[in-house]
Each structure stands twice: as structure tokens, then as C-alpha cells.
Amino acid sequence: MPGVSVRGLSYEERRQLAANLTRVLSLYRSILDAYIIEFFTDNLWGTLPCSWQEALDGLNPPQLATLLLGMPEEGDVVRYRSVWPLTLLALKSTACALAFSRTPGFQTPSEFLENASQSSRLTAPFRKHVRPKKQHEIRRLGELVKKLSDITGCTQVVDVGSGQGHLSRFMSLGLGLKVKSVEGNQRLVGRAQRLDRELVQALEKEEKRSPRGVQTGARRLPQHVVRWVDPTGPCEELLLPLEEDPPQAGARVLLTGLHACGDLSVALLRHFSCPEVAALALVGCCYMKLSDPGGYPLSQWVAALPGHELSYRLREGACHALDEYTQRLRDAGPGLRTHCYRAALETAIRCARPELRRPGVQGIPRAHELKIEEYVRRGLQLVGLDPQLPLHPAALRAHQAQENRVVAFFSLALLLAPLVEALILLDRLLYLQEQGFHAELLPLFSPKLSPRNLVLVATKTPLGQALSVLETEDG
């Protein structure tokens with residue numbers, strides 16, 4: 001999907017873009033704030049303009065993918081079966097124009113051309129225990145961090161929210177960086193240390209088999225630290241030198257986080273103002289877990305804009321994978337009917353207990369293969385209600401007949417969701433720029449593999465032409 005590249009925008013243009021985003025989101029807030037499981041209970045279809053209903057009614061999922069989400073495949077001829085209202089076309093055009101471009105500097109992840117589950121750019125030891133998506137992410141972010149560290153003269157990298165340590169291991173044992181790995185979960189840290197030892201053993205075996213061209217000598221493991229990072233205050237651990245390094249003047253730290261969840265991203269942004277921190281490479285996620293207030297907005301500019309508020313529902317919607325859902329629409333798989341089934345279940349729940357709203361329903365196995373009545377009865381049991389409550393088969397059949405309407409409404413919300421993420425990320429850029437720092441957003445991962453594929457890169461001095469180096473795919 002086309003979009004705007006933030007890199008080419010001046011500070012004033014970024015502020016104007018934030019203002020435009022808040023205006024558009026305010027205009028369509030009723031769609032974004034809606035819960036699809038309340039499609040029938042709140043008559044969501046009836047909230048759309050009549051002209052939109054006429055244009056969208058009867059469209060099947062592949063048609064929605066092409067006509068609404070605007071992602072036709074090569075060779076597709078886009079034909080509208082009727083004249084769409086200008087207001088709906090304007091929504092589609094505006095959503096495409098204001099979303100951030102997610103196209104990285106490579107067409108497809110070349111590392112998976114030979115084997116879809118094994119990156120050809122990582123040796124076997126670094127691929128072990130790592131899924132293809134994560135292989136792609138740790139390689140791309142690790143290589144960017146290495147370049148950024150070299151450009152800014154950093155003496156150590158701190159990987160915050162490191163989990164099982166896959167990124168830290170690659171940066172330390174694969175790229176030769178001095179790495180501190182900070183994670184609050186003791187169990188994950190223990191597993192990371194075990195995987196460190198396994199990797200060293202595998203690399204040593206590889207060296208014995210093929211001594212030429214393989215690193216020799218002592219390998220430097222990442223230093224693991226168990227620590228929860230408080231987004232509201234400073235964490236000295238992030239800034240301390242590695243234990244084996246003597247204290248030195250002029251230490252320069254690069255902070256990084258791969259899909260730093262919720263307020264963890266905020267913590268990294270706030271620590272960037274510390275004099276020891278020279279650079280930041282941050283990929284955020286889980287925007288619904290941001291503190292409200294506190295996690296958003298961060299910049300003075302966005303905080304002063306009318307309509308800047310983002311509810312939990314809007315922030316949760318921003319985490320959806322537009323490319324993945326569009327492909328599901330193209331495939332027209334039966335799994336799409338789950339939206340409709342869950343909305344029908346909500347009507348049954350409200351009939352039995354009107355005060356019970358949007359209860360969590362743990363996954364019903366192979367829900368799309370069930371008849372709608374069976375799904376509803378299983379759902380009632382999961383939320384603690386009598387599964388033998390009297391149901392109305394005719395009403396359930398009427399709900400099921402609206403399956404494509406449910407999918408169409410959800411697709412409308414998904415079309416707008418990237419604008420919510422754009423505003424959150426733009427707020428972070430402006431927050432750093434208001435302090436005199438330099439910040440950019442670069443598409444780093446393949447969006448088909450990793451929906452949250454934009455990395456925020458920040459430095460305290462301009463990078464100039466060196467910024468282009470960060471975007472390139474290493475040969």
C-alpha cells in the first residue's frame with residue numbers, strides 16, 4: 001500500500017501530518033472505536049451512511065481486498081460493480097495517503113528464496129530455536145545496530161526487553177558487539193543463558209569442522225541482567241558499563257529493543273536524553289498496553305492537538321496486521337466467519353445476562369467448522385452460562401447471512417488502523433525532536449513477515465548521508 005515516507009519530511013511537515021492524522025481519526029472515530037463482536041447488539045452496520053451500505057453490501061472477501069483495502073495483485077483489473085460514494089472513496093484515498101510507507105529497501109526477503117523456514121543469511125547455529133520471522137528480524141535489526149554503533153562510536157549495546165536473547169546473541173556472537181541484555185523475567189533470562197551456552201558449543205564444533213574462515217579465540221557472550229525497567233524513572237542498569245569492562249570516561253551506549261512492548265518503548269525513549277546514550281534503534285509493539293496517561297502522547301505538540309486521544313480500542317486495532325488480513329480476504333477462507341459467529345454469541349450473552357458485556361472467550365477449536373448454533377452453545381458454556389439456554393435458530397441464520405457485512409465493517413476499521421499507529425510513532429519522533437535530537441522512521445522488515453516493521457532510529461548528531469547506509473541490505 002502506498003504511503004508517506006517520514007524521512008523526507010521537515011519538522012514542520014511532521015507536525016502538520018500529526019494534525020492531519022488527528023483530524024481524520026476524529027472524523028472516523030465511530031468506526032475505529034467499535035468492537036466487531038457488537039456488530040449485532042449495537043447495529044454497527046446501521047451506523048454507516050446508507051450510500052456506504054449500498055456500495056459494500058454483497059461484496060465477498062476477495063472483492064473487499066481489492067476494492068476497499070486497495071491492494072490488487074499484479075494483473076488484477078479493478079472493477080467497481082457500482083459507483084461508490086465520494087465519501088467512501090475519500091476514506092480509502094486518505095487512509096492510503098496518510099499511512100506510513102512500509103516498503104523496505106528490498107522487494108522480498110532474499111534469505112528465504114531457497115528455504116521458506118531457514119534464512120540463508122544466518123548459519124545453522126544462529127537459526128536453531130528461532131522461527132523464520134524472528135530470524136529475519138534479528139538479522140535485519142542486528143545489522144542495523146552494528147552499522148549505527150560504528151557510525152556513532154558506541155562502546156556497548158543494551159538490548160532492553162531481550163526475552164530469550166535471540167537478538168543479543170546474534171549481535172554479540174555473530175556481529176562482535178559488546179552487548180548487555182536486560183530482561184525482567186527470570187525464567188526467560190535462564191533460558192537465554194542456556195541458549196548462549198548451546199550456541200557457543202555449536203560454533204566451536206563448526207570451527208573444528210571448518211577452521212578456515214571461522215572466528216577463533218574467546219567469544220564474548222552477552223551479559224544478562226534481570227531487571228524490570230520503570231518507564232517513569234531512570235534505570236541506572238541501562239547505563240552501567242559491562243561487568244568485565246573497567247569504568248571509562250566517555251562511554252557511549254546504544255539502546256535497542258525489538259518489539260519493545262507498551263511502556264517499555266516509552267522507557268527507552270525517555271532514557272535517550274541521558275548523556276551516556278548516543279543512539280537508539282527501537283521497534284515498538286503492543287500499543288494497547290501503553291499507560292493512559294503517560295505512554296501517549298509524549299510530545300507537547302500532539303498533546304495540544306484537538307482529538308489526539310486514543311482509546312484502548314484504537315490502540316489495540318493499530319496492532320493488527322493489514323497485509324496478513326488482506327491475504328485472508330483474498331483466500332476467502334472459512335475462518336473469516338469467526339467474526340460473525342462471535343458477534344452472534346454476544347447477542348445470546350446479552351439476552352441471558354444484559355450486564356455481561358464483551359466477556360473474554362477462550363479459543364473454540366476449529367470454530368469455523370462448527371454450525372453457528374453449536375458455536376454459540378460452546379461459547380455460552382465458556383463464559384459460565386447455561387449452554388442449553390433457548391436459542392432462536394431463525395435469528396442465528398439471519399446473523400450468519402450477514403457474514404460478509406461483518407467482514408466489510410471490520411475491513412473498514414482495519415483500513416484506518418495504520419493511521420493510529422502512524423500517529424503514535426509520529427508522536428515519538430516529535431518528542432525526540434522537541435528535545436533537539438534527530439530521529440527517523442525506517443521500514444526495516446518485510447511487512448509480510450513482520451507487521452510492526454518500522455524502526456525508530458535516533459541520534460544526538462545528524463547522520464546525513466550515513467542514514468542511507470542503515471537502510472541497505474548487506475550483500
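# Briefing: sheet, helix 13 and aromatic pairs

Ser299 is located in the loop that runs between strand 5 and helix 11 (300-303). The model is predicted. It contains an open, mixed sheet of seven strands, and seven aromatic pairs are counted in it. The points below start with Ser299 and go on to the sheet, helix 13, the aromatic rings and two further loop residues.

**Ser299**

- Ser299 is buried, since its relative accessible area of 1% falls under the 20% limit.
- Beyond residues up to four places away in sequence, Ser299 touches Asp427, Leu430, Tyr431 and Glu434.

**The sheet**

- The strand order across the open sheet is 3-2-1-4-5-7-6, and the pairing is mixed.
- Strand 3 (223-226) and strand 6 (438-443) are at the edges; each has a single partner strand, so one side of each has no neighbour in the sheet.
- On average, neighbouring strands of this sheet are turned by 20° against each other, direction ignored.
- Strands of a sheet are paired by backbone hydrogen bonds, in either a parallel or an antiparallel way.
- Between strand 6 and strand 7 (residues 454-459) the pairing is antiparallel and spans six bridges.
- Leu441 has Leu456 of strand 7 as its bridge partner.

**Helices on the sheet**

- Helix 7 (residues 132-152) lies across strand 1 (156-160), strand 4 (253-261), strand 5 (277-285), strand 6 and strand 7.
- The angle between helix 7 and strand 4 is about 160°.
- Helix 10 (residues 263-271) also packs on the sheet, where it touches strand 1, strand 4, strand 5 and strand 7.
- The direction of helix 10 makes about 165° with that of strand 4.

**Helix 13 and the residue after it**

- Which residues of helix 13 (residues 322-331) are buried? They are Leu322, Tyr325, Thr326, Leu329 and Arg330.
- These residues cover an arc of only 150° around the axis, which places them on the same side of helix 13.
- In an α-helix there are 3.6 residues a turn, so residues three or four places apart point the same way.
- Glu324 and Asp331 are exposed on the other side of helix 13.
- The buried residues of helix 13 pack against helix 4 (61-68), helix 14 (338-352) and helix 17 (403-434).
- Ala332 comes just after helix 13 and has a positive phi of about 50°; this residue belongs to the loop between helix 13 and helix 14.
- With a relative accessibility of 38%, Ala332 counts as partly exposed.
- Ala332 touches Pro61 and Pro62, leaving out residues up to four places away in sequence.
- Ala332 and Ala65 are 267 residues apart along the chain, and their C-alpha atoms are separated by 9.8 Å.

**Aromatic rings**

- The count of aromatic pairs comes to seven.
- One of them joins Phe39 and Phe409, an edge-to-face pair with 6.3 Å centre to centre and 75° between the planes.
- Phe39 is in the loop between helix 2 (29-32) and helix 3 (50-56) and Phe409 is in helix 17, so this pair ties together parts 370 residues apart in sequence.
- Phe39 is buried at a relative accessible area of 2%, and Phe409 counts as buried at 2% relative accessibility.
- The ring centres of Tyr341 and Tyr375 are 5.3 Å apart and the planes are at 55°, so this pair is tilted.
- Tyr341 is in helix 14 and Tyr375 is in helix 15 (residues 372-382), so the pair links parts that are 34 residues apart in sequence.
- Tyr341 and Tyr375 are both buried.
- Phe39, Phe40 and Phe409 make up one aromatic cluster.

**Charges over rings**

- Arg15 lies over the face of Trp301, 4.0 Å from the ring centre.
- Lys460 has its charged end over the ring of Phe272, at 5.2 Å from the centre of that ring.

**Leu239**

- Leu239 is in the loop between strand 3 and strand 4.
- Is Leu239 buried or exposed? Leu239 is buried, because its relative accessible area of 18% is under 20%.
- Apart from neighbours within four places in sequence, Leu239 is in contact with Val253, Cys274, Glu276 and Val277.
- Between the C-alpha atoms of Leu239 and Glu324, which are 85 residues apart along the chain, the separation is 38 Å.

Definitions and conventions: Residues numbered from 1 in each chain as written. Predicted model: local features only at pLDDT ≥ 70, side-chain atom pairs only at ≥ 80, totals over all residues. Heavy atoms only, no water. Pairing = 2+ DSSP bridges. Helix = DSSP H or I, 4+ residues; strand = E, 2+ residues; numbered from the N terminus. Axes fitted to C-alpha atoms, helices over the stretch in contact; angles between N-to-C directions. Contact = heavy atoms within 4.5 Å. Buried < 20%, exposed > 50% of the residue type's maximum accessible area, 1.4 Å probe, protein only. Arc of directions from axis to C-beta. Phe/Tyr/Trp six-rings, centres within 6.5 Å; stacked < 30°, edge-to-face > 60°. Lys NZ or Arg CZ within 6 Å of the ring centre and 35° of its normal.
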